[in-house]
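Colleague: Got a minute? I'd like to talk through how the helices pack in this one.
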Amino acid sequence: MGVFNVEPHINRLVIPSKLHSVLLADLHMSHVGMVKTKTLARLYFWWPSLDREIEQTITNCNACRQYQVNPPKAQLSPQAWPSGPN
Ligand SMILES: [Zn+2]
């Protein structure tokens, strides 16, 4: 259970730097992309290097890196070549 399973609070929290990595790891638990993670983070908290730390968290995330290297391959669906018009 993450700490983000609650409604966003109206006032964002300013978090001590030693907790940044814990919060970012929890925020990135579902491995959403960079833009969504930043958007979600801004709902809950802010600090001056937030964007850069989110980028580092995702860049260093093993699960995301693996997914980028081996994206699921699209299935080709061959269709019969038409023999002529109609
Ligand atoms: Zn990830």
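Modeller: Sure, one term before we start: a crossing is left-handed if the near helix is turned anticlockwise from the far one by less than a right angle, and right-handed if clockwise. This is a predicted model, where local features need pLDDT of at least 70, side-chain atom pairs count only at pLDDT 80 or more, and totals for chains, interfaces and linings use all residues. Residues are numbered from 1 along each chain as its sequence is written.

Colleague: OK, which hand is the crossing of α2 and α3?
Modeller: The α2 and α3 crossing is right-handed. Contact comes from Met34, Thr37, Lys38 and Ala41 on α2, and from Leu50, Asp51, Ile54, Glu55 and Ile58 on α3. In contact means C-beta atoms, placed from the backbone, within 7 Å.

Colleague: And what angle do α2 and α3 pack at?
Modeller: About 135°, and their axes are 10 Å apart. Axes are lines fitted to C-alpha atoms, for helices over the stretch in contact, with angles from 0 to 180 degrees between N-to-C directions.

Colleague: Switching to α1 and α3, which residues meet there?
Modeller: His20, Leu24 and Ala25 from α1 meet Glu53, Ile54 and Thr57 from α3. The crossing of α1 and α3 is right-handed.

Colleague: At what angle do the axes of α1 and α3 cross?
Modeller: Roughly 60°, with the axes coming within 10 Å.

Colleague: Where is confidence lowest, and where highest?
Modeller: Lowest in helix α4 (residues 62–69), at a mean of 84, and highest in α3, at 95. The protein averages a pLDDT (the predictor's confidence in each residue, from 0 to 100) of 83, and 83% of the residues score at least 70.

Technical notes
Helix = DSSP H or I, 4+ residues; strand = E, 2+ residues; numbered from the N terminus. Contact = placed C-beta atoms within 7 Å.
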